[in-house]
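Trainee: Could we go through this one together, slowly? I'd like to start with the chains and then look at some odd spots.

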Amino acid sequence: MLVMMALAAGMFAVAPWMIDAAPYEATMGLVYKIYFFHMPSAWMFLTAAVVAGVASFRLLFLKRPRADHWVTAAAELAVLFGAFTLVTGPLWARKAWGVWWVWDARLTSSLMLFMIFVAYTLLRKYGGPGSDKLGAGLALFGMANVPFIYVSVNYWRTFHPPTSVVPTLPVEMGIPLWYCVTAFTLLFVILLRLRARLEHQRARVEALYLAEDEA
Amino acid sequence: MNAFARIVWFVVKKDLTVEVRSLEILSTTMFFAVTVVLMFSFGLVVDGRPLNDVAAAILWVAIAFSGTLALGRTFERERHNDTLRALLLAPADRPALYVGKLLGILLLLGLVELVLVPLIGLLFNAPVIQQAVPLLLLVGAGTLGFAAVGTLFAAMLVRARSRDVLLPIMLYPMTVPVMIAGVRGTAALFQPTPDAAVAQFWLSLLAAFDVVFVVLALWTFEPVMTD
């Protein structure tokens, strides 16, 4: 774990130089380089949603109580990376398209997924006992949206670039991109495990308190 | 009638019997929906003329708001005297209970929409009579999608704290696709030259969402309602 954290910290420290080495883009020049953080964080956003959905399935249908800790952790990370994506996106859009926001399929469905996981966080905080199962139901519905978001740019005419852009990138842009994807994935895994472990320990402390009350 | 259909019929009959005695939820929800339409009309009418496509938007927002209220209050009724627990303890298939509750909500919302749609036609000169059949299909499919998710979430939240505000918080993001499809389809029908092809596209999208939501809800109802 410590090794992963050191590695991730190192990778992020070096990232600006890697990004600086990438060439300028034809129409957008320097501005497009926010993409190297925007796309990995979007991928982590969708991954967090899928992890939350899978853990919800384990909690509800395979009856594993500890899966709840992973749902909570993944949902919070979905909010985090979703917020990052939804901030870097408009920052880029303002320069590339001239507007902060458009209501096209990709942006609208991403915002919707983000709101679903914000709703999950609110539910867990204020819903009282039993909200772990309720939240799991909500997260399952949220995960069902992820494939739709990903393919929406391919089937609707949108401002947002389609998914075919990624495999066709030139090598000089591909290297910093996959470097940043690796760094973000490391960060995601670290945060997920830390948060899930924290949640597990919180649940244990709570159980101990309850046991003490009964004694 | 097989066991599943019998349970569904029992649940629907029970809800209908309780509601017919006082008509409380139906009349108040209907009046609320009418008020919502009027409030939005006051806000969105400029120089005595409504803005473009506003009629479709107002209709669906009114359905969403009054639907949320109706869902909350229907399940609030189940909370009193713990009748929901009694339902769950009965030797009945959980999905049958869900479908029974869903049909009750659909009936309630259907009656409200029977008043709302002509009202929209009246206030905005929208061609509701000429487009009656496509409109019926669109509004029906959209209400089914909204109610399918809403019934599941409202039933889930019956024992939760802050349930009044948590229901819209959970429901609205999830039903955004239904709202978008409903509004765009209805707007296509309300144009000066109605665009049937566009409306058809949104209708098929609504049908797809309905299938996904209903199946997912049927699947999730049982594990979520067990304690």
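Mentor: We will talk first about where the chains meet and then about some backbone angles, keeping in mind that this is a predicted model.

Trainee: Okay, how many residues of chain A are in contact with chain B?

Mentor: On the chain A side there are 20 residues, and they are in contact with 17 residues of chain B.

Trainee: And which elements of chain A give two or more residues to that side?

Mentor: Those are α4, covering 105-126, and α5, covering 131-155; of the elements in chain A, α5(A) gives the most to the side that touches chain B, namely 8 residues.

Trainee: What's that side like by class, I mean nonpolar, polar and charged?

Mentor: The side of chain A that touches chain B is made up of 14 nonpolar, 5 polar and 1 charged residues.

Trainee: Switching topic: what is the phi of A:Lys63?

Mentor: A:Lys63 is not a glycine, and yet its phi is positive, at about 55°.

Trainee: Where does A:Lys63 lie, and is it buried or exposed?

Mentor: A:Lys63 sits in the loop that runs between α2 (35-60) and α3 (67-96) of chain A, and it is exposed, because just 10 other C-beta atoms lie within 10 Å, where the cut-off for exposed is 12 or fewer.

Trainee: What about B:Asn125, what's its phi and where is it?

Mentor: B:Asn125 has a positive phi of about 55° as well, although it is not a glycine, and its place is the loop between α5 (94-124) and α6 (132-156) of chain B.

Trainee: Why does B:Asn125 count as exposed?

Mentor: B:Asn125 counts as exposed because it has 12 C-beta neighbours inside 10 Å, and the cut-off for exposed is 12 or fewer.

Notes. Residues are numbered from 1 along each chain as its sequence is written. Chains are lettered from A and ligands numbered from 1 in the order in which they are written. This is a predicted model: local features need pLDDT of at least 70, side-chain atom pairs count only at pLDDT 80 or more; totals for chains, interfaces and linings use all residues. Two residues are in contact if their C-beta atoms, placed from the backbone, lie within 7 Å. Helices (H or I, at least four residues) and strands (E, at least two) are DSSP runs, numbered from the N terminus. Ala, Val, Leu, Ile, Met, Phe, Trp, Tyr, Cys and Pro count as nonpolar, Asp, Glu, Lys and Arg as charged, and the others, Gly among them, as polar. A residue is buried if 20 or more other C-beta atoms lie within 10 Å of its own, exposed if 12 or fewer, and partly exposed in between; C-beta atoms are placed from the backbone.
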